[in-house]
Amino acid sequence: MSLTANNPDRKSWLHVDKNSDFPIQNIPFGVFLTRDDIITIGTRIGDTAIDLGALHQLGYFEGIPLTDDIFLQDSLNDFIADGRKTWRLVRNRIAEIFDAENSELKDNKKNKETVLFRLDEIEMQLPVQIGDYTDFYSSIEHATNVGTMFRDPENALMPNWLHIPVGYHGRSSSIIPSGIPIHRPQGQTLPAGSDTPIFGPSKLVDFELEMAFITTDANDLGEPIPINEAEEYIFGLVLFNDWSARDIQKWEYVPLGPFLAKSFASSISPWIVTLDALEPYRVESPKPLKPQLPYLQYKGKKSYDIKLEVAIKPKTAKETVVSKSNFKYMYWNMSQQLAHHTVNGCPVNSGDMMGSGTISGPTPDSYGSMLELSWRGEKPVKLQDGTERKFINDYDTVIMRGYCEKEGTRIGFGEVSTELLPIYTPKSNK
């Protein structure tokens, strides 16, 4: 099925700023609360949110096999479970409806008032009910930097790293959408020079610049997903800030890996940009440094040229961009990650989320965490207001953005923005 929604010459009758992340070629999917306190599945063109539930009830998806309530839900899980053919039909139809040459909805004032919302009239929600969440560790630059800091620089990568996409299972209950503040976590840490841990607030709260992909129902228990089919089961991507408490992590991660240092919060951007929308931005993946086993070998372009940045905004100052990276740096791509995840027969469900792991590039300004940017706190990062950061302070807001651009067309993700508050203080019962 052709991706007519990707036509770079298509214009919308809705207003779209020149540098908008959401031209008519994007058509992402999300969930929002309307001005009438109705929750619905929607999309966005420019700065206009579109109620797909209302659009469907008004008959604009006639001819596409959709259940009556497919968009009248508080998550995208059922829509995603319908599969790639349905996603493409719906996305292509939305592009037709909002095409500048199509007057069917454009000239229907009553229907427009029902379907269209300004962004300040809606409240974005978590787009999917995330059943399971896996975080990978797939940037060779990040893994090398961390290995250099904490182990022998000559053996920075663990022996298995160049052979498998390393990952661990995370906590889905603490994944939140952009705009929800989080609290500084508490836990056990080991003071320097001591062999006895103490309990208290983490002093080394960090961000991790990641992207995450959302899957559909993919396989039965025991059934691996072949690498050449993996992309058929990937709905789309979001920006992902996998918050970390480095001092808690250092004490707890041996022998089984991250736990409380990661599970306190992870933030995602609210609009899922489909893999179809990203099709024009495919690029070659990094060349393997060692031969990979057959189930991880692929053909074609499996990486995507997505420009990424991280900014830190203190409470009373302007933001400072501290990192500029790119999704294309990932050594292990999404197809390899999903093929490896299921090679043992692990089933993947609609709404499952897979984090890329921290995305660091080859230069110091492209590192994807404060751990690397400040090199374990030894090189503080200077902000525009003159203050310095080794890690994230209370009341700092971390903002991540991402977009693709080619031949005048820009497809973006918006942003994921999260403020770090002090430790949680129970409310008084008095």
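Buried means under 20% relative accessible area, exposed over 50%, and partly exposed in between. The exercises below apply this scale to a predicted model.

**Exercise 1.** Determine whether R44 and D47 are buried, partly exposed or exposed, and state what joins them.

*Solution.* Step 1: the relative accessible area of D47 is 44%. Because this value falls between the two limits, D47 is partly exposed. Step 2: R44 has a relative accessible area of 13%, so R44 is buried. Step 3: a salt bridge joins R44 and D47, with the closest N and O atoms 3.1 Å apart.

**Exercise 2.** Identify the acidic partners of R401 in salt bridges, and locate each partner in the chain.

*Solution.* Step 1: the side chain of R401 forms a salt bridge with that of E319, at 2.9 Å from N to O. This pair links distant parts of the chain, 82 residues apart: E319 lies in the loop between β20 (307-313) and β21 (320-326), and R401 in strand β25. Step 2: R401 also meets E415 in a salt bridge, at 3.3 Å from N to O. E415 belongs to strand β26 (residues 409-421) and R401 to strand β25, so this pair ties together parts that are 14 residues apart in sequence. Step 3: the accessibilities are 24% for E319, 23% for R401 and 32% for E415. E319 therefore counts as partly exposed, as does R401, and E415 likewise.

**Exercise 3.** State how many salt bridges the whole structure holds, and name the members of a salt-bridge network.

*Solution.* Step 1: a search of the whole structure yields 24 salt bridges. Step 2: a network of salt bridges links D206, E208, D242, R246 and K262.

**Exercise 4.** Locate the cis peptide bond between V254 and P255, and the positive phi angles of R376 and Y395.

*Solution.* Step 1: the bond joining V254 and P255 is cis, with omega about 10°. P255 lies in the loop between α6 (246-252) and α7 (260-263). Step 2: R376, a residue other than glycine, has a positive phi near 65°. Its place is the loop between α9 (370-373) and β23 (381-382), and at 37% relative accessibility R376 counts as partly exposed. Step 3: Y395 is not a glycine either, yet its phi is positive, at about 70°. Y395 is found in the loop between β24 (388-389) and β25 (397-406); with 34% relative accessibility, Y395 counts as partly exposed.

Notes: Residues numbered from 1 in each chain as written. Predicted model: local features only at pLDDT ≥ 70, side-chain atom pairs only at ≥ 80, totals over all residues. Heavy atoms only, no water. Helix = DSSP H or I, 4+ residues; strand = E, 2+ residues; numbered from the N terminus. Buried < 20%, exposed > 50% of the residue type's maximum accessible area, 1.4 Å probe, protein only. Salt bridge = Lys/Arg side-chain N within 4 Å of Asp/Glu carboxyl O.
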